[in-house]
Amino acid sequence: MCTKESAYRRAEKVYKAYADGRNEATLLHDVLDFKSPSVHVSRIIEQPRPACAQWLHAAAIFSVRGAPGFRFIRGALSADRQLEVAYAALTEWCEADNESNLNAHGRTRSLWAEHLSNPKSSLLTKLSWLTLGHHYQWTERTYDPARVSPFPPQLAVLASELAQACGETMVAEAAIINFYSARSTMGGHKDDAEPCQAAPIISISIGLPAIFLLGGHTKDEPPIALLVRSGDVVVQAGESRGYYHGVPRILSASPPRELLDACSSSNMVGVAEWLQTHRLNANVRQVFERDERREVHPHNAVCTSERSNLASDRLESGARSHDHHASTHSIVTDAKLYPHKRPRLGAESPGQ
Ligand code: OGA
Ligand code: MN
């Protein structure tokens, strides 16, 4: 059978090809850069900011022609905030009963401490995602109401204030924290597992810059390539909430050195150094319609602070075959670590 390659796939291949040493400056030629909006004036429109939190007053908010509802908040998070979020992700959020691709290794405890004493061979090098709040189930592509951990309040406030700055509202109920190495990529996908598709996705970038591809409702629509830097936030609201998107390329030649200068404590120095060679993405979602949520979880008025037993079906779910979405949505890390397959719950047994 001969199937034509989609426009999304073609674009993805172009950016991936640069992994082999081609110059990053050439690669960026057709990429929208929100630091130079005037160069891309036909595509990028700066938006007035509605009433928003004081800390966001220095940020600039843009929309992109042809992508209704999409917003890009340039420089949303100060260096201090970026370091705080990254530090929490690498310590607290790993320590808690959250789910991650390392659950199958039996533990995700003390990854950061282990990394500090042994950076090359610590388990942290194998961490590619963890989930917070309502834990996304990769194979089933659903949220199991029984698998929920407390959602970090500081991240919930951050996400809802970012949404508000774009004139949107959202209650953070789930997040995927993606950990990218310089060679990781994320395939094109839609985030359509959330029953609530009306609230925006808030996607926070910290660390190495990356190319973000924003497609359309189908992969046949040619995607727009955007440059996302440390501290930038992508907001998929409205129509664009349902668009294909992904990250075909991390740009390792321009690390965020400003984070090194912003460290106010020795804890942060290690985090800023780690961010010179990695990218962290906090992808925050509202899962349930507010009314629906009350119906589904009458006991769960404050579901973000509830804890429940984690189901013990991880290996079973890991044994199922990859569906298309599952195999493209999550990060493909350095080929040496994860040949061909992305790591996920229960998927690390031999032969997977
Ligand atoms: C996701 C996602 C994008 C990014 O986690 O669903 O689309 O910028 N992440 O890493
Ligand atoms: Mn996504």
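Donors are N, O and S atoms within 2.8 Å of the metal. This definition underlies the account of the manganese site below, which refers to a predicted model.

**Manganese site**

The manganese ion (ligand 2) takes its protein donors from His189 (NE2), Asp191 (OD) and His245 (NE2), at distances of 2.1 to 2.2 Å. Along the chain, the spacing of these donors is H-x1-D-x53-H. Because buried means under 20% relative accessible area, His189, at 2%, falls in that class. Asp191 is likewise buried, with a relative accessibility of 5%.

**Cysteines and accessibility**

The model contains 0 disulfides, the criterion being a pair of cysteine sulfur atoms within 2.5 Å. Cys94 is buried, whereas Cys263 counts as partly exposed. The table lists the computed values for these cysteines and for two of the manganese donors.

| Residue | Relative accessible area | Class |
|---|---|---|
| Cys94 | 2% | buried |
| Cys263 | 21% | partly exposed |
| His189 | 2% | buried |
| Asp191 | 5% | buried |

**The chain as a whole**

The protein chain comprises 11 helices and 15 strands. Among its 352 residues, 53% count as buried. Of the contacts in the protein chain with a separation of 6 or more, 76% join residues that lie 24 or more positions apart. The accessible surface of the protein chain amounts to about 15200 Å², and carbon and sulfur atoms contribute 52% of that area.

Key. Residues numbered from 1 in each chain as written. Chains lettered and ligands numbered in written order. Predicted model: local features only at pLDDT ≥ 70, side-chain atom pairs only at ≥ 80, totals over all residues. Heavy atoms only, no water. Buried < 20%, exposed > 50% of the residue type's maximum accessible area, 1.4 Å probe, protein only. Donors = N, O, S within 2.8 Å, 3.2 Å for Na, K, Ca; no water. Helix = DSSP H or I, 4+ residues; strand = E, 2+ residues; numbered from the N terminus. Contact = heavy atoms within 4.5 Å. Areas by Shrake-Rupley, 256 points an atom, 1.4 Å probe, with all protein chains shown as cover.
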